[in-house]
Amino acid sequence: MTDLAQLVPYDEALSRYEPVIGLETHVELGTATKMFCGCPTTFGLEPNSAVCPVCLGLPGSLPVANRAAIEFTIRIGLALNCSIASWCRFARKNYFYPDMPKDFQISQYDEPLCTDGWLDVDVDGRAFRVGIERVHLEEDTGKSLHMGGATGRIHGADYSLVDYNRAGIPLVEVVTKPVAGTGVLAPEAARAYVTELRDLLRCLGVSDVRMEEGSLRCDVNTSLAPHGAADWGTRTETKNVNSLRSVERAVRFEIARQAAVLDAGQKVVQETRHFHEDSGSTTAGRSKEEAQDYRYFPEPDLVPVAPARDWVEQIRASLPELPAARRARLQADWGLSGAEMTHLSNAGAVDLVSATVEAGASPAEARKWWLGELARRANESGTELSQLAITPAHVARVSAMVRAGTLNDQLARQVLEGVLAGEGDPDTVVEARSLAIVSDEGALAEAVDAAIAANPDVAAKVRDGKTAAAGALVGAVMKATRGRADAERARELILERLS
Ligand SMILES: [Zn+2]
């Protein structure tokens with residue numbers, strides 16, 4: 001375990017060292033069937049129920065490549081501005097693990113399907129171009145479950161179980177080139193890249209990109225070198241970082257830890273490291289295998305992949321509007337500044353605001369509710385905006401009621417609260433909680449008269465021309481009507497009566 005007292009404070013570390021990061025992202029493709037057999041890819045099935053001789057590696061079984069998985073990989077490669085190989089092969093990656101029924105994984109080695117692209121990301125208004133080294137296709141492993149220990153890790157477990165349902169699910173690995181020059185923004189840049197890649201993959205329809213279910217998993221490489229050094233430092237690879245926030249924390253921790261190692265005159269060990277969600281720290285895993293340890297060789301049971309050029313061009317022509325282009329369009333449509341759009345994007349609210357506008361709200365109304373009251377409630381309950389129990393159509397309906405004068409902002413917040421609590425749609429909540437503004441002039445006049453009668457001193461001040469004092473009477477009317485009065489109209493009535 002790293003002694004936390006030995007970490008160099010982040011800012012101090014960055015004053016002496018330059019970080020270089022790199023990200024390897026595994027994406028489970030959303031094909032109906034596995035990479036080399038017809039087994040379903042459905043998440044959460046009974047363990048070892050979605051298996052067959054091919055994905056269990058039984059003798060005599062032969063793999064056949066899934067065309068849809070190859071098409072999805074090409075879509076990803078094209079969206080990441082990569083070159084698509086006209087001919088490439090799968091390779092056997094030999095290693096022995098209980099979750100690997102064949103004792104090798106079919107992957108790609110020196111002939112990846114897609115190479116040499118890029119993805120632009122925005123960090124605090126600064127643009128970084130992240131180079132993409134390669135996008136290759138492989139099969140996922142099974143899943144080991146270590147039972148009896150406290151941590152769920154193999155260390156301290158009584159026994160282990162393995163579920164092969166995941167073995168053979170098509171997996172794409174997107175590997176960046178080393179990303180230098182981000183300086184103090186390295187943790188945020190790593191997070192921004194994974195966020196942008198996730199949004200891109202979702203937009204392409206190739207994966208459900210659920211980090212919490214493991215369909216998007218990140219290995220985060222970090223190295224440090226003294227400012228001005230000719231060479232980059234030795235990198236560590238923090239494995240299977242499973243949330244956007246953790247990606248950022250893992251880089252931040254490794255910078256602080258490696259700075260302490262270098263400050264002490266020691267060398268950073270090239271190794272894989274485990275990230276711990278609870279403490280935000282990393283601990284040493286295994287020392288990193290070199291490529292030669294895997295004894296790669298071309299997979300003899302599969303024909304080469306040779307995507308026809310016209311097929312690749314058809315796929316290119318079918319790409320949807322990508323997230324960056326869409327954001328630029330929406331920013332112009334909605335009249336937002338770059339910073340406002342970044343804020344919306346970082347809050348995960350672009351799709352929600354867009355859908356709310358489509359449902360009839362103005363962009364300003366939609367932004368106000370999603371970034372204000374609803375962001376506050378999501379924050380309080382520790383969930384994402386998109387997981388709140390409210391739809392864009394609900395928010396648009398509440399906006400419409402505010403615009404029509406049926407609700408004021410305070411009442412609208414109560415309606416949102418009711419919808420979130422599962423009391424029904426906005427109209428149902430307004431009805432059930434009697435939240436609509438009192439539009440009956442008689443009832444309002446009654447409340448005004450009562451407020452004047454109950455506050456003779458204030459009323460006298462207003463009569464003497466101190467109209468600012470009327471605020472206290474408006475407050476009394478609002479209180480009496482439980483916030484349901486039209487405050488402007490109440491003010492008019494008060495001034496009329498006391499002039
Ligand atoms: Zn199978």
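This report describes the overall build, the cores, one helix and three loop residues of a predicted model.

Residues are numbered from 1 along each chain as its sequence is written. Because the model is predicted, local features need pLDDT of at least 70 and side-chain atom pairs count only at pLDDT 80 or more, while totals for chains, interfaces and linings use all residues.

**Overall build**

The secondary structure of the chain comes to 17 helices and 14 strands, where helices (H or I, at least four residues) and strands (E, at least two) are DSSP runs numbered from the N terminus. The C-alpha atoms fill a box of roughly 95 × 55 × 50 Å along the principal axes. The radius of gyration of the chain is 29 Å, whereas a compact globule of 499 residues would have one near 23 Å; this radius is taken over C-alpha atoms, and the globule rule is 2.2 Å times the number of residues to the power 0.38.

Of the 499 residues, 37% count as buried, a residue being buried if 20 or more other C-beta atoms lie within 10 Å of its own, exposed if 12 or fewer, and partly exposed in between, with C-beta atoms placed from the backbone. Among contacts between residues at least 6 apart in sequence, 68% join residues at least 24 apart; two residues are in contact if their C-beta atoms, placed from the backbone, lie within 7 Å.

**Domains**

The domain assignment, which is automatic or taken from a database, gives domain 1 (4–315), domain 2 (321–432) and domain 3 (441–498). The centres of domain 2 and domain 3, taken over C-alpha atoms, are separated by 33 Å, and their contact takes four residues from each of these two domains.

**Nonpolar cores**

A nonpolar core is a set of buried Ala, Val, Leu, Ile, Met, Phe, Trp, Tyr and Cys residues joined through C-beta atoms within 7 Å. The largest has 71 residues, of which Ile-76, Leu-113, Val-135, Ala-190, Tyr-193 and Val-220 touch the most other members. Helix α3 (residues 186–204) supplies the largest share of this core, nine residues. Leaving aside residues up to four places away in sequence, Tyr-193 touches Leu-23, Leu-119, Val-121 and Val-130. A second, separate core of 44 residues includes Val-415, Val-419, Val-458 and Ala-470.

**Helix α8**

In helix α8 (residues 350–358), the residues Leu-352, Val-353, Thr-356 and Val-357 are buried. Seen down the axis of α8, the directions to its buried residues fall within an arc of 135°, so they line one face of the helix; the arc is that of the directions from the helix axis to the C-beta atoms. These buried residues pack against α7 (338–346), α9 (363–371) and α11 (392–403). Gly-360, whose phi is positive, near 115°, follows α8.

**Loop residues**

Most residues other than glycine have a negative phi. Two residues that are not glycines nevertheless have a positive value, as the table sets out.

| Residue | Phi | Loop | C-beta neighbours inside 10 Å |
|---|---|---|---|
| Val-209 | about 40° | between α3 and β10 (216–226) | 21, buried |
| Ser-434 | about 45° | between α13 (426–432) and α14 (441–454) | 9, exposed |

Thr-182 is placed in the loop between β9 (170–176) and α3, and with 23 other C-beta atoms within 10 Å Thr-182 is buried. Not counting residues up to four places away in sequence, Thr-182 touches Pro-19, Ile-21, Phe-128 and Ala-189. Thr-182 and Ile-169, although 13 residues apart in sequence, are 35 Å apart in space, C-alpha to C-alpha.
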